[in-house]
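I opened my notebook today to look at how the parts of one structure touch each other. Come along and check each entry as you read.

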Amino acid sequence: MLNLTVNGIAHSIDVDASTPLLWVLRDDLGLVGTKFGCGKSFCGACTVHLNGKPVRSCSVPARSGVGQAITTIEGLASKNGTLHPLQEAWIEHDVPQCGYCQAGQIMSAAALLERNPVPSDADIDDAMQDNLCRCGTYVRIRKAIHSAAAKIANKGDQV
Amino acid sequence: MKINQPRIFANPASAHLVATSDATNTVCGQINRRTFLKIAGISGGGLVLGVCLGGPSRAVASASNILASDFAPNAFIQISPDGSIVIYSKGPEIGQGIKTAMPMIVAEELDADWSQVRVEQAPINTAVYGRQSAGGSRSIAMSWDQLRYAGAAARSMLLTAAAERWGVAASECTTRLSTVIHTGSGRRLKYGELAEDAAALPVPGETSVTLKQRKEYRLLGTRVGGVDNRAIVTGQALFGIDQVVPGMLYAVYEKCPATGGSVASANLDQIRALDGVRDAFVLAGNGLTTELMPGVAIVATSTWAAFAAKQQLRVSWDESDAATDSWSDAIAQATALATKPGKETLVEQGNVDDAFEHAAHTVEAFYTYPFVSHAPLEPQNCTAWYQDGAIEIWAPTQTPDSGIELVAHTLGIETDRITLHQLRAGGGFGRRLMNDYMCEAAAISRHVGAPVKLQWTREDDMAHDFYRPGGFHSLKAAVDSSGKLSGWQNHFITFSADGQIPTSRGDIPDGEFPAPLLANYRLTQTLLPWKTPTGPWRAPRSNALAFVEQSFLHELAIAAGRDHLEFLLEVMGEPRWLQPGDDRSLNTGRAAAVIKLAAEKSGWGRPLPAGRGRGLAFYFCHAGHFAEVAEVSVDPNKKLTVHRVTVAGDIGPIVNLSGAENQCEGAVIDGLSTMLGLEITLEQGRVQESNFGQYPILGIAATPHIDVHFIQSDFPPTGLGEPALPPLAPAVCNAIFAASGHRARTLPLSREGFRT
């Protein structure tokens, strides 16, 4: 049995531990927000957090998630349902077209804001370059990240 | 054809619609376990889809939340006494925003409070809904009247119900934000309060309702966020790949990497012995690339078990009938043919030779563009459940209507045995006009007798596409002593499977630019043999022809020593429809207006620093007029930076301004991504690129600043999935010339040494 803690919930899963984390999340835990795009870490659609760091779940064996805090797009909002500022900004800027890559985009952006609360355009380019959007929503992804960063900064000021 | 007959039609007020559907659909007392779909996009609302147990496997809507007191005057609208309003979106959502745009049109005429509207994906039932496919940027144009009428008819009935209750004339009442208002007294009734009364009224005919004037619009033309945005950003199940049904198995399908090859032998016993594998078997297929080609299916207990087994699969292919296509050979052959006359003459108008003879300048050029793949980010997939001679299918498809026909043909069953649910698609771009994955899933489910989700790998997706065909154009054109374009000749070298007609979307259509604008024009064609399938890729034909024609036109402007803007406007000439009476044809007045607007907004003519340049291009397709100006810089090492792209378009009134701007931004990025580095090459019939490492979709860093401007003319609204894409490549190539003096005639630009 493989023991994983995903979005704060402990799971015991009967699965080969070498299975990529992506497929354990999707097929075994029903957390289908994390998407399969390429299977080779090229596209970023499968991005999740391991202890707050973005990883490509298609290329990480599930066993490497043991003992780690795994966060998926389903766990990004707070427990009471309040959306993460990035999720709000994505809605506000009407970012998605097909929407398939956006969970991975948001997870990469969330990790970026954790380590760099006020990223420049160049910082966004560095952090987001390998999250591919086939529909080409990059203009809005950039705006939404800046907008969420500003929102987080304002909240911080108020505190 | 069948299916998904919503119970909302059981409402007496919509008896005329019941009559159009298969009567056997309407009675179904039981909902089986398939009702309990885990897919939020379908089961999240009041309409739950299921099938009858023990009877014909047809889907109907369950009556779970739909009461007799609901007001459902047609298949698009359901208003409940509690005030909730559901609008059904009939078309496939593939990222073009139709699931938001179509219901907006209904809501506008209904005068519904958009903030209270819930949108649901409609069941597939072309008898009721008409066209249910997404292609050719036709969804808005073909549904505009139907959707407006649906909303207006319902509004009229609600208004009548209120007037009757108050005992006043309907003409004294008005509507706003899901409320009927008596203007004299100020009395108000919410739509929900009128639902039961309205349901008892006759549905007015199309000629007896009044549609709004454009100036009365409150919702259309505003910026509205996508209706699925919240579900998308919170990771809820929406897409085809997210579908789950009870007892489902997971399948992969391995086909010959060279189209047309069949299975000689495979290590099936070894595969069957692997962990999690339930079965492995050969399907002979029916030889149709659009349906079912030969291959090996592996069915397992998880996606990963199936993928892992596929890596162990060893197939010996019989390639006696397989493709041997080679892109490098094609380039060599086309290059050799470039200086020769075309094999057949397709168009000969005026006197081209005379124009060349009397020219002040002639220009000759050879243009090349490659095959490209659609590469939607969601690899092809489909869930299918064959049971007792009938099949239920869940698919992210652009053409659910034709998918049913193809599955029927593949399985040899009637279409009324097929139930299809359309799911949100993770990108289409034309790939999902084809339903090969649907036929494969259907055949695999029938073979194993269980529900299966077929999942292609990225490598499968790239190896088995219906590619945008590559092509070659050997051009010669002339400008006369007054600097006017005076003659144009194109020897088009393209591909053909049968030696008779070009491969799908590898043709030049009648009336292609600049033929209708020029007296002296000649088009000849030579076909090279080709077996690998091709097909429509976003803005089919136009996506490549625009690059060739609008780049070459710039070459001619340069040769004539004239400003490109002025030259292009002169070619357009006086304002007129090129096909009089057809408002989907090119209108040179609309063309000139967007060309001038793009030029103005981009600062055309203003000086730029050395190494920077602007390029202009116009293209008309899918009834949309678009001009774009790119501003680029090129350094001595051919590092290309696209700083800014200005888009000006006329597709008539805009339905959703946010969605429309998003489509244009996306078209610019898609165009840039494709022209910079995307190329599918084949050798021995095998696609050489296998994943994004070799097929580098553009990342965020190269994104230019994009300005979008619309001329919202009074012509009927048309679609936007495609027409903003074609002008991008020539605009960038013309800008590269302006910046560097280098004329790019080969795509992708990586072939000419450019990098970003």
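**Entry 1: where the chains meet**

How many residues of chain B are in contact with chain A, and how many of chain A with chain B? Before I counted, I noted that this is a predicted model. My look-up gave 47 residues of chain B in contact with 47 residues of chain A.

Next I asked which helices supply at least two residues of the side of chain B that touches chain A. I found α7 (229-233), α9 (303-312) and α18 (657-677) of chain B. Of these, I marked α18(B) in my notes, since the largest share of that side, seven residues, comes from it.

I then sorted the side of chain B that touches chain A by class, and I wrote down 19 nonpolar, 20 polar and eight charged residues.

**Entry 2: the domains of chain B**

I looked up the domain assignment of chain B and found domain 1 (7-213), domain 2 (243-321 + 376-463) and domain 3 (327-372 + 468-752). Domains 2 and 3 are each written as two stretches of the chain, so take care when you colour them.

How many residues of domain 1 of chain B are in contact with domain 3 of chain B? I got 13 residues of domain 1, and they meet 16 residues of domain 3. On the domain 1 side, α3 (98-110) and α5 (139-166) of chain B are the elements that give two or more residues. By class, I listed six nonpolar, six polar and one charged residues on that side of domain 1.

**Entry 3: two helices of chain A**

I turned to chain A and picked helix α2 (residues 85-92) and helix α3 (residues 102-115). They pack at an angle of about 130°, and their axes are 10 Å apart. I therefore call α2(A) and α3(A) oblique to each other. Is their crossing left-handed or right-handed? I noted that it is right-handed.

Which residues make the contact? From α2(A) I wrote down Leu86(A), Gln87(A) and Trp90(A). From α3(A) I added Gln102(A), Ile106(A), Ala109(A) and Ala110(A). Sorted by class, this contact has five nonpolar, two polar and no charged residues.

**Entry 4: a hairpin in chain B**

Last, I went back to chain B for strands β3 (residues 71-74) and β4 (residues 77-79). Do they pair in the parallel or the antiparallel sense? I found the antiparallel sense, over two bridges. Asn74(B) stands opposite Ile77(B) in β4(B), and a hairpin joins β3(B) to β4(B) through two residues.

Key
Residues are numbered from 1 along each chain as its sequence is written. Chains are lettered from A and ligands numbered from 1 in the order in which they are written. This is a predicted model: local features need pLDDT of at least 70, side-chain atom pairs count only at pLDDT 80 or more; totals for chains, interfaces and linings use all residues. Domain bounds come from an automatic or database domain assignment. Two residues are in contact if their C-beta atoms, placed from the backbone, lie within 7 Å. Helices (H or I, at least four residues) and strands (E, at least two) are DSSP runs, numbered from the N terminus. Ala, Val, Leu, Ile, Met, Phe, Trp, Tyr, Cys and Pro count as nonpolar, Asp, Glu, Lys and Arg as charged, and the others, Gly among them, as polar. Axes are lines fitted to C-alpha atoms, for helices over the stretch in contact, and angles run from 0 to 180 degrees between N-to-C directions. Angles under 35 degrees count as roughly parallel, over 145 as roughly antiparallel, 65 to 115 as roughly perpendicular and the rest as oblique. A crossing is left-handed if the near helix is turned anticlockwise from the far one by less than a right angle, and right-handed if clockwise. Two strands pair if DSSP finds at least two bridges between them.
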